[in-house]
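The following exercises are to be solved with the sequence and the structure at hand. Please attempt each task before reading its solution.

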Amino acid sequence: MIELKSAAELDVMREAGRVVARALAACRAHAAPGVTLRELDEVAREVIFGAGATSPFLDYHPRWSPSPFPGVICASVNDAVVHGIPGPQVLGDGDLVSIDCGAVVDGLCGDAATSFVIGTATDADLALIDCTERALRAGIDTARPGARIGDISHAIGSVARAGGYGLLRHHGGHGIGRAMHEEPFVPNEGKPGEGLKLVPGVVLALEPMLHAGGRDGYSSDDDGWTLRTDDGSRAAHVEHTVAITVDGPTILTLP
Ligand code: MG
Ligand code: MG
């Protein structure tokens with residue numbers, strides 16, 4: 001069942017998205033060598049709770065996890081792809097960090113992620129992040145009334161594979177609204193013309209997760225949350241919440 005959002009609901013989701021964008025920007029500005037992931041979480045908490053919003057990440061406890069999530073951001077460094085716990089790990093020069101963040105305003109969610117390098121970046125890391133951002137852009141550009149989920153999946157996957165990158169297996173984007181994760185699932189690779197046809201009012205969180213090593217496999221840390229590339233290669237993850245409107249795709253997670 002796909003919940004279509006009204007114009008009034010989209011306005012509220014844009015508010016939630018604005019809080020997410022501000023939290024991500026604050027994390028990026030604060031991130032530096034010597035800073036811990038927990039400190040970045042505290043920075044995001046100040047933005048989210050300071051705005052009167054709540055966090056859909058904090059205490060999130062899906063069936064597959066052994067424990068509730070303890071932060072308001074996921075912070076995934078280097079070979080960690082997604083769902084990293086913002087704990088005592090200290091950032092160092094050259095680390096590739098992916099921050100994923102959500103916010104809830106008046107019962108409606110926003111969800112976005114960004115990837116960046118601390119200090120000195122290698123060309124390989126910059127190319128990986130650039131391709132991940134281009135894959136997201138291609139997916140967003142496809143999210144128009146009349147297009148199908150498979151068109152979005154194909155757009156994202158084509159950019160990633162053309163770059164020679166892997167894609168985190170079994171993971172992708174999702175519908176979003178009153179719950180952070182709603183139907184439909186949006187794979188990061190797929191066939192054009194397949195799947196649900198998009199209509200105005202559908203809201204999707206699109207989120208390519210690319211592996212530098214070109215493989216799709218991953219392993220899970222003992223914490224039950226952090227997912228890592230199985231070949232130790234670095235990964236990048238970017239995400240926006242996007243509304244399908246009569247005028248085309250509208251990104252809701254902008255500052
Ligand atoms: Mg997210
Ligand atoms: Mg998401």
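Donors are N, O and S atoms within 2.8 Å of the metal (3.2 Å for Na, K and Ca); water is not among the atoms, so sites may look incomplete. The model is predicted, so local features need pLDDT of at least 70 and side-chain atom pairs count only at pLDDT 80 or more, while totals for chains, interfaces and linings use all residues. Residues are numbered from 1 along each chain as its sequence is written, chains are lettered from A and ligands numbered from 1 in the order in which they are written, and side-chain values use heavy atoms, with hydrogens and water left out.

**Exercise 1.** Determine which protein donors the magnesium ion (ligand 1) has and how they are spaced in sequence.

Solution. Step 1: Asp-100 is listed twice with OD, and Asp-111 (OD) and Glu-239 (OE) complete the list, at 2.0 to 2.5 Å from the ion. Step 2: the spacing of these donor residues in sequence reads D-x10-D-x127-E. Step 3: Asp-111 belongs to strand 4 (residues 108–117) and Glu-239 to the loop between strand 12 (235–237) and strand 13 (240–245), so the pair ties together parts 128 residues apart in sequence. Strands here are DSSP runs of E with at least two residues, and helices are runs of H or I with at least four, numbered from the N terminus.

**Exercise 2.** Repeat the analysis for the magnesium ion (ligand 2), and state which residue coordinates both ions.

Solution. Step 1: Asp-111 (OD), His-174 (NE2), Glu-207 (OE) and Glu-239 (OE) lie 2.1 to 2.2 Å from this ion. Step 2: along the chain they follow D-x62-H-x32-E-x31-E. Step 3: the two magnesium ions are 3.2 Å apart, and Asp-111 coordinates both.

**Exercise 3.** Are Asp-111 and Glu-207 buried or exposed?

Solution. Step 1: buried means under 20% relative accessible area, exposed over 50%, and partly exposed in between (1.4 Å probe, protein chains only). Step 2: Asp-111 counts as buried because its relative accessibility is 2%. Step 3: Glu-207, at 6% relative accessibility, therefore counts as buried.

**Exercise 4.** Describe how strand 6 pairs with strand 7 and with strand 8.

Solution. Step 1: two strands pair if DSSP finds at least two bridges between them. Step 2: strand 6 (residues 172–175) and strand 7 (residues 182–187) are antiparallel, with 4 bridges; they form a hairpin with 6 residues between them. In this pairing, Gly-175 is opposite Glu-182. Step 3: strand 6 also runs antiparallel to strand 8 (residues 203–206), joined by 2 bridges. Here His-174, a donor of the magnesium ion (ligand 2), stands opposite Ala-205.
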